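New to this one? Here's a quick briefing to help you find your way around.

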Amino acid sequence: MEQQDFSKEANSLNSQLAELDLSERLQLVSRLGHAVFTTSLGVEDQVITAAIGEGQFAIEIATLETGRLFPETLNLIKETEEALNVRIRRYTPRQDAIDAYAAKYGLNGFYDSIEARHACCHVRKLEPLAEALSGAQIWITGLRRGQSGNRAATPFAEYDGERNLLKINPLADWSLDQINVFVEAHRVPVNPLHARGYPSIGCEPCTRAIKPGEPERAGRWWWENDEKRECGLHVPEAAASSITAAPHQ
Ligand code: SF4
């Protein structure tokens, strides 16, 4: 399918999507072109997966199986496919890239420096993401404004100039309470780690439970002690590096 330039469409689509419910949002974007939804199996992503399954929309569901996920997350992939009547494609890192990373930084070198952490996320997440989005025109994510300070302005539709994609965030305006109500009403399987204090779940060595009152993403790369830390999936890599390279408190 021919790659389109969506840079001018994001604004008008943003207004349209604001008026629709979740199912209508997904239906609309599924008709715009080849759409890929990337799921980390977190609770927001499970809501989108359930809505795709219910509507059987023409949206590919993909997950980045980094090789460092929690066993609970891996189990949930299969459970989700069966419970929600969907197929989830797994995208894995290249073994030679992991070997090169381990030779240079050590397998768990991400604790030692920002550079090593970003290099690991590049190999295990960004390269598989590029593969998952190859040929796609629409990228659907589970980003919500309430997840963290630097997601507070998340639009429903934005142009990802780095990837020349229309990025759609159909849950941008949802609260965590709305998410939980949907999960209950639609009997959506969720990661058991959420109930153990993990509102945001990524790779096992880089995620820990949070304390009551902490921001939802406080348990991600907690040692970096920086509110704006991200893995580079949702910010350009250069920006992610400059954000996290700021002096730590
Ligand atoms: Fe590596 Fe941690 Fe990034 Fe996962 S979250 S890719 S283990 S640095």
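Where does the ligand sit? You'll find the ligand in the second largest cavity. Keep in mind that this is a predicted model. Below, we start with the ligand's surroundings and then move on to the sheet and two helices.

**Around the ligand**
- Ten names to look for around the ligand are Arg68, Phe110, Arg117, Cys120, Cys121, Arg124, Lys125, Cys203, Cys206 and Trp221.
- Sorted by class, this shell has six nonpolar and four charged residues, with no polar ones.

**The sheet**
- There's an open sheet of six strands, and its pairing is mixed.
- Going across it, the strands come in the order β3-β2-β1-β4-β6-β5.
- At the edges are β3 (88-91) and β5 (157-160), each of which pairs on one side only.
- On average, neighbouring strands of this sheet are turned by 30° against each other, direction ignored.
- As a bit of background, strands of a sheet pair through backbone hydrogen bonds, either parallel or antiparallel.
- Edge strand β5 pairs with β6 (residues 165-168) in the antiparallel sense, over four bridges.
- Want a spot to zoom in on? Try tyrosine 159, whose bridge partner in β6 is leucine 166.

**Helices across the sheet**
- Helix α1 (residues 10-18) lies across β5 and β6, and runs at about 155° to β5.
- Helix α6 (residues 114-132) lies across β1 (35-38), β2 (59-64), β3 and β4 (138-140).
- The angle between helix α6 and β2 is about 165°.

Definitions and conventions: Residues numbered from 1 in each chain as written. Predicted model: local features only at pLDDT ≥ 70, side-chain atom pairs only at ≥ 80, totals over all residues. Heavy atoms only, no water. Near = heavy atom within 4 Å. 1 Å grid on protein atoms, 1.4 Å probe; cavity = no way out; pocket = protein on both sides within 12 Å on 5 of 7 lines; lining within 4 Å. Sits in = over half its atoms within 2 Å of the grid points. Nonpolar A, V, L, I, M, F, W, Y, C, P; charged D, E, K, R; others polar. Pairing = 2+ DSSP bridges. Helix = DSSP H or I, 4+ residues; strand = E, 2+ residues; numbered from the N terminus. Axes fitted to C-alpha atoms, helices over the stretch in contact; angles between N-to-C directions. Contact = heavy atoms within 4.5 Å.
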